[in-house]
Amino acid sequence: MAYDDLRSFLDALEREGQLLRVTDEVMPEPDLAAAANAAPRLGDTAPALYFDNVTGFTDARVAMNVHGSWANHALALGLPKDTPVKRQVEEFIRRWNDFPVAPEWREDPPWAENTMDGDEVDIFRVLPLFRLNDGDGGFYIDKAAVVSKDPEDPEHSGKQNVGIYRIEVKGGRKLALQPVPMHDIAQHLHKAERAGEDLPVAITLGNDPVISIVASTPMKYDENEYELAGALRGAPAPVAPAPLTGLPVPWGAEVVIEGVIEGRKREIEGPFGEFTGHYSGGRSMPVIRVDKISYRTRPVFEHLYLGMPWTEVDYLIAANTCVPLYRQLTEEFPEVRAVNAMYTHGLVVIVSTAKRYGGFAKAVGLRVLTTPHGLGYATTVIVVDEDVDPFDLPQVMWALSTKMNPSGDLIRIPNLSVLELAPQAQHPGITDKLVIDATTPVAPDHRGNYGNQVRDLPEAAAWLDRLRRLAAHR
Amino acid sequence: MSEKTPGNTSEKTVCPRCAHPAIARLFTSPVPGVWDVLQCEQCLYCWRTSEPARRTSRAAYPDGFKLTAEDIRDAPEVPAVPPLRDAR
């Protein structure tokens, strides 16, 4: 089923036993972030957290870890909560085949209930803001969908963008935003700044769960995120025009913040504990002037803890990083069977593929590096045989243990692009990259001594079912 | 250095991160007198007075996160501001 807003999804999580209400009074810091830091340690069925008794606030409602387990991710896609990871990725691929599904313009969005304009804008009066990690330079908003248009082609709906970026709160109506150069909004800002203009943006918080997934999916520049949301939901994504900018925003959002990224302006920002598990340093970054805030009565502040993996962000950007890479690779190499890019947003990518001929797997690995996402992320690519499940790390380690010979199977390419947050770069934004061929050599590559591989016995699958049944009735 | 609380506003407060003396008050707790949100006017560090000392006290603030005026001045620009389209 499709959820039209965050609240209906929180209700569904509660019905499924996947929402934990913390009713005791908690401190805004460090309790809220520490709880969300801890929650994923409960495992792949960890619940979302909901707080409404926060010291010093009279009316705070905070939701965290909403996508922070495979059970919650499955429910966000309308799947049973015990759906295995590989099955969730396969279903994501299947639904993407329905892309594009046009959004539905819907009237009377709930966020139109309350507004603040101009000098009366004060984000602290709307959101119970709080710090996540010790070294963060301030209070961040890091799970909002930021909507912008290509200023040189504003009527092209595909070039419009909905993305999640880190946003630091610097004042009642001043924010900072990080546009990673590989991301679409950086292209929008670049075009606006070349023209000496500001870039209008709408920042929407507390969205339905599929909006958060598509906003963090590395889609192509001219692909529309709302049209993917429709495909994933199985129903058009409801949207409404933001009142000040006219940008299309999710109908069901809790809060819509509108303003501009002020062109050609930079100011100290950060650090922020990032998805890499490391802080970025303090840098000089773009500034947003907020001109209007629209919000539901008693809005829920959805926030996301991130730190040393795995945390909520790792669940949020797991399946949706695997799928575009799989789709782009199979366009040219239909032999590719599966792609696992769920580790740190695809800084490591594992691909299983059949081979046309000797050396083929290395070509597949090199192609990963030149996909749009690979340009900014993939630093190590591991290629395994078609009968190795890239989501089964013991199988991947077996392939590395027995198929990979450093003599000839390691391809190191110097000085390729990577996002500036990647800690391993020699200089921010530039790193060597590595392709590891852990496939069985095929002719005319005659290296190694592979003979006959041991396979599962033909009867093993039936016995697996039988053993499961016996175990269930112990 | 001393920590600032709503009931102790006369004491001198400096930024925990860069030691700058100019501090602004961004917000006050909706429940009166519980905490304030303060901000350094130099490095823009932002903190709530009720946070642990490792985030609010210059003496307890970790060295690894401290900033100097030079760090702020020399911070890399991300992304770089492009040349104007008409500039030749």
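# Briefing: chains A and B

Among the contacts in chain B with a separation of 6 or more, 40% are between residues 24 or more positions apart. This is a predicted model, and chain A and chain B share an interface that buries about 3400 Å². A search of the whole structure turns up 49 salt bridges over all chains, with 5 of them across the interface of chain A and chain B. Below is a quick tour: chain B, then the interface, then the charged pairs, then some backbone oddities.

**Chain B at a glance**

- Chain B has 2 helices and 3 strands, and reading from the N terminus the elements go β-β-β-α-α.
- Of the 88 residues in chain B, 42% are buried.
- The area that chain B exposes comes to about 4500 Å², and carbon and sulfur atoms supply 51% of that.

**Where A meets B**

- On the chain A side, 46 residues are in contact with 35 residues of chain B.
- Carbon and sulfur atoms give 61% of the roughly 3400 Å² buried between the two chains, to use the "about" figure again.
- Three residues to click on here are D134(A), R194(A) and I268(A): together they supply 18% of the area that chain A buries against chain B, more than any other three residues.
- As for polar links, 17 residue pairs (both at pLDDT 80 or more) are in polar contact across the interface of chain A and chain B.
- Four elements of chain A give two or more residues to the side that touches chain B: strand 9 (167-171), helix 5 (184-194), strand 15 (267-269) and strand 16 (283-285).
- Helix 5 of chain A gives the most to that side, with 5 residues.
- By type, the chain A residues that touch chain B split into 17 nonpolar, 13 polar and 16 charged.
- For a salt bridge you can look up, try E29(A) and R48(B), whose side chains meet at 2.7 Å, N to O.

**Salt bridges inside the chains**

- Side chains of opposite charge can pair when their charged atoms come close.
- E267(A) and K170(A) form a salt bridge, at 3.1 Å from N to O. That pair links distant parts of the chain, with E267(A) in strand 15 of chain A, K170(A) in strand 9 of chain A, and their positions 97 residues apart. Both E267(A) and K170(A) are buried.
- K362(A) has a salt bridge to D437(A), with the closest N and O atoms 2.8 Å apart. This one also links distant parts of the chain: K362(A) sits in helix 10 (residues 360-370) of chain A and D437(A) in strand 23 (residues 430-438) of chain A, 75 residues apart.
- K362(A) counts as buried because its relative accessibility is 14%, under the 20% cut-off. D437(A) counts as buried too, at 4% relative accessibility.
- In chain B, the side chains of K66(B) and D63(B) meet in a salt bridge at 3.0 Å, N to O. K66(B) is partly exposed, with a relative accessible area of 25%, while D63(B) is exposed at 62%.
- Back in chain A, salt bridges that share partners tie D119(A), R173(A), E262(A), K265(A), R289(A) and D291(A) into one network.

**Backbone spots to check**

- The peptide bond from P309(A) to W310(A) is cis, with omega near 0°. You'll find W310(A) in the loop between strand 18 (301-303) and helix 8 (312-316) of chain A.
- A443(A) and P444(A) are also joined by a cis peptide bond, with omega about 5°. P444(A) is in the loop between strand 23 and helix 14 (460-472) of chain A.
- N65(A) is not a glycine, yet it has a positive phi of about 60°. N65(A) belongs to the loop between strand 3 (62-64) and helix 3 (70-76) of chain A, and at 1% relative accessibility N65(A) counts as buried.
- L44(B) is not a glycine either, and has a positive phi of about 65°. L44(B) lies in the loop between strand 2 (36-40) and strand 3 (46-48) of chain B, and it is buried, with a relative accessible area of 12%.

How values were computed. Residues numbered from 1 in each chain as written. Chains lettered and ligands numbered in written order. Predicted model: local features only at pLDDT ≥ 70, side-chain atom pairs only at ≥ 80, totals over all residues. Heavy atoms only, no water. Contact = heavy atoms within 4.5 Å. Buried area = accessible area lost by both parts, 1.4 Å probe. Salt bridge = Lys/Arg side-chain N within 4 Å of Asp/Glu carboxyl O. Polar contact = N/O pair within 3.5 Å; in protein donor to acceptor, adjacent residues only side chain to side chain. Nonpolar A, V, L, I, M, F, W, Y, C, P; charged D, E, K, R; others polar. Buried < 20%, exposed > 50% of the residue type's maximum accessible area, 1.4 Å probe, protein only. Areas by Shrake-Rupley, 256 points an atom, 1.4 Å probe, with all protein chains shown as cover.
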